[in-house]
Amino acid sequence: GAAVSPFKYTEPSQMQQYYKMEKKIACGAEFLITQVGWDWKKSLELFRYLKEVFPPQEGSIPVIGNVYLLSTLTPAPRLMHDGKLPGCFVSDELLAKVQSERVDDHIERAAQQVAMYKGLGAAGVDVGGVPTFEIFVKILNRAAQIGAGWEQFKGNLCWPTKDPFYLYDESGQRVPLITPYPTFGKRFFDFAHWAMLDPKHVGFRAFKKTMSVLGADAGEGAIYKLFNSTEKGFKYLMFDCEECGDCFLPENFGLCTMGGCEKGLDNAPCGDATADGHCGNNLDRVCTGERIYEAAASEDGGKMIEGKGRQRLRTTINKPRNPALRHTSSIINYLFGKDHTMKNALISIGESIHASIPKTGQIMKDLHALGAGAYTTPSPQLDYIRALVESQANDGADYIAVNLDAFGEQDPQQAVDMMVQYVRLVKRWGRGVPVCIDSSSDAVLVAGLKEWYANAPGVADHVKRGNESLHAPLLNSIKVYTMDKIMPLKKDYDFSFVGLLVSEEKATGPGGSHSVDELYALAKQLFDAAMRHGFKPGQIFFDSTVFPLAIDMPMEPGVPGYTYRTFETIKKIKADPRMKGVHCSLGISNSVRDLPARRIGVCRAYVAKAMEYGLDAGIVNTAHQYGTVEAPPELLELVDAYAKLDGSMEKTGKAMELMAQFCRDNRKAS
Ligand code: SF4
């Protein structure tokens, strides 16, 4: 669940609360709980906003209303009024009223609020500040008595600040939003960024080249030090910079949330701002969330609705800063791709949730055996799965794969039911990383896909708004003989897919298996069908299948090895201008099956070699960061020999010799 406060009275603070709420939902929050507050119009506003951004047909998100017994039994009313409990607001009038009342009146107001939340459609209430169980029961009984009649108490439930902001007018229509003019600081930042740091602009390339020629890209040396200290001084004066080395000024519209925010939040604001938009933890400063909103609104070109700037703010989720970069030059880190903008060398599909991995499979089995509630009730097994999901998300996985086919061997329906549960777990704990539904069963693929979008308005909406295919799930796999069944689902559900290059037709290539040309023809067939169904090339991941190196030895002369065919197929697909933009992916771990040792190193070498042919995605152990750490040269040589094993005596001999050497060396080592 996630918290949200509808009880903000400036437009920037309120809209930031709603935007952040949407981001929390996009990251997997399954319910909301409100901040405490005493303003029925604001409570209603939250429900209206939710209905507006998550239309009911996309499923609704449960809201728990926070009802606090505001009573002179405790010092809470005074503390909230005086701003001593950041984020909680009690107006002068409400404080005076509470102080003039009896405790029974306080209980009555709490009961009215419970009835109000029920009337507005809340899934429940969290009743706080209650000193005894008797009072708690009294509140609930009285709320039940009030029932649908809460509206007669509106006057007792409306204590806003002076000149409050409400997003909707009396008739339920949105009010016009502010249209600020960009500040001098913002205009300066935008210009400087465009001129020197926008990769689309020539200034970026010239600046990067200059820094590279001067040797500053190494992160050391006199030029680097001079540049770093100049940058620090300048950015301190301009942006209150605190030298994090992993700069988010572009994402935060030219404002620093390290120096500018009392808590140094990556994703400001928190919910502590006061009713007039000041920081609840330092009343001398305006909350940085307010300033970011105004800067974003200034990019909307005078529109009184959400335009480009506010839409960007609404969908931008900042990653945590990299602490290792502290005190280093953020500009150099950015120029040379060392900060959060660094792209994964490989689109990585985390492979850890796979029922055929013995330990994981056993835990999955034990978890399922716990019966009803197994996937929602805490247990060591569920914790284990949660850790697998979270660790892969933390490792930067682009997708988190789930494969449950081992459970479907005895009972196909069990794999379908379990996939639904696991998709929910990835949605809940995957921090927005989409699931890869990995199955040879079409029924499992379809069930997983539907579940990804079921009751998850945040995810679905985010996909539509962000228009980024990576947020949609990945289906692994579609083959030419299943494409007519699965691809039409694209009409209703956005997804990417792995096109597995296998066929039911008899292979006619050398050695009785598919030739490179046959595999390429399968790719073209899948590609053409995908285009007809509205996929973009970037949503297609071709898999030309991996064969273990240890047994990749042709039985007849003149027959190329499987690795050769796999790599050459990738090369051919990537060279086809018609298929520009498609991805090629492989299940990397298969390559090291049956090798005696150094499997991670061989995987690294396999990825590095395959990338030379055009591989840009892989089903991998995300912890190993394949594609970024260099592979040992002798292992690169080994994989290279298999990549070139075209069936000639010479190439076959070389691959055999290197493999024999590898096995000898590693047996000795063990
Ligand atoms: S400045 Fe930071 S800590 Fe203060 S209210 Fe805003 S977000 Fe919260």
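**Why these words fit: a helix pair, a serine and a ligand shell**

Student: What makes H21 and H23 roughly perpendicular to each other?

Tutor: This model is predicted, so local features need pLDDT of at least 70 and side-chain atom pairs count only at pLDDT 80 or more. Residues are numbered from 1 along each chain, and side-chain values use heavy atoms. The axes of H21 (residues 562-575) and H23 (residues 633-643) cross at roughly 85° and come within 7 Å. Angles of 65 to 115 degrees count as roughly perpendicular, therefore H21 and H23 earn that description.

Student: Which residues of H21 and H23 meet?

Tutor: Thr563, Tyr564 and Phe567 in H21 meet Val639, Tyr642 and Ala643 in H23, where contact means heavy atoms within 4.5 Å. By class, this contact has five nonpolar residues, one polar and no charged. Ala, Val, Leu, Ile, Met, Phe, Trp, Tyr, Cys and Pro count as nonpolar, Asp, Glu, Lys and Arg as charged, and the others as polar.

Student: Why is Ser379 called buried?

Tutor: Its relative accessible area is 11%, and buried means under 20%, so Ser379 is buried. Ser379 is found in the loop between H13 (358-369) and H14 (380-394).

Student: What does Ser379 contact, leaving aside neighbours within four places in sequence?

Tutor: Ser379 is then in contact with Leu367 and Leu370. A polar atom of the Ser379 side chain also lies 3.0 Å from the backbone nitrogen of Leu382.

Student: Which residues come nearest to the ligand?

Tutor: Of the 13 residues around the ligand, Cys261, Pro269, Cys270, Cys279 and Cys287 come nearest. The shell divides into seven nonpolar, three polar and three charged residues.

Methods
Axes are lines fitted to C-alpha atoms, for helices over the stretch in contact, and angles run from 0 to 180 degrees between N-to-C directions. Helices (H or I, at least four residues) and strands (E, at least two) are DSSP runs, numbered from the N terminus. Angles under 35 degrees count as roughly parallel, over 145 as roughly antiparallel, 65 to 115 as roughly perpendicular and the rest as oblique. A residue is near a molecule or strand if one of its heavy atoms lies within 4 Å of it. Buried means under 20% relative accessible area, exposed over 50%, partly exposed in between (1.4 Å probe, protein chains only). A polar contact is a pair of N or O atoms within 3.5 Å; within protein, one must be able to donate a hydrogen and the other to accept it, and residues adjacent in sequence count only if both atoms are side-chain atoms.
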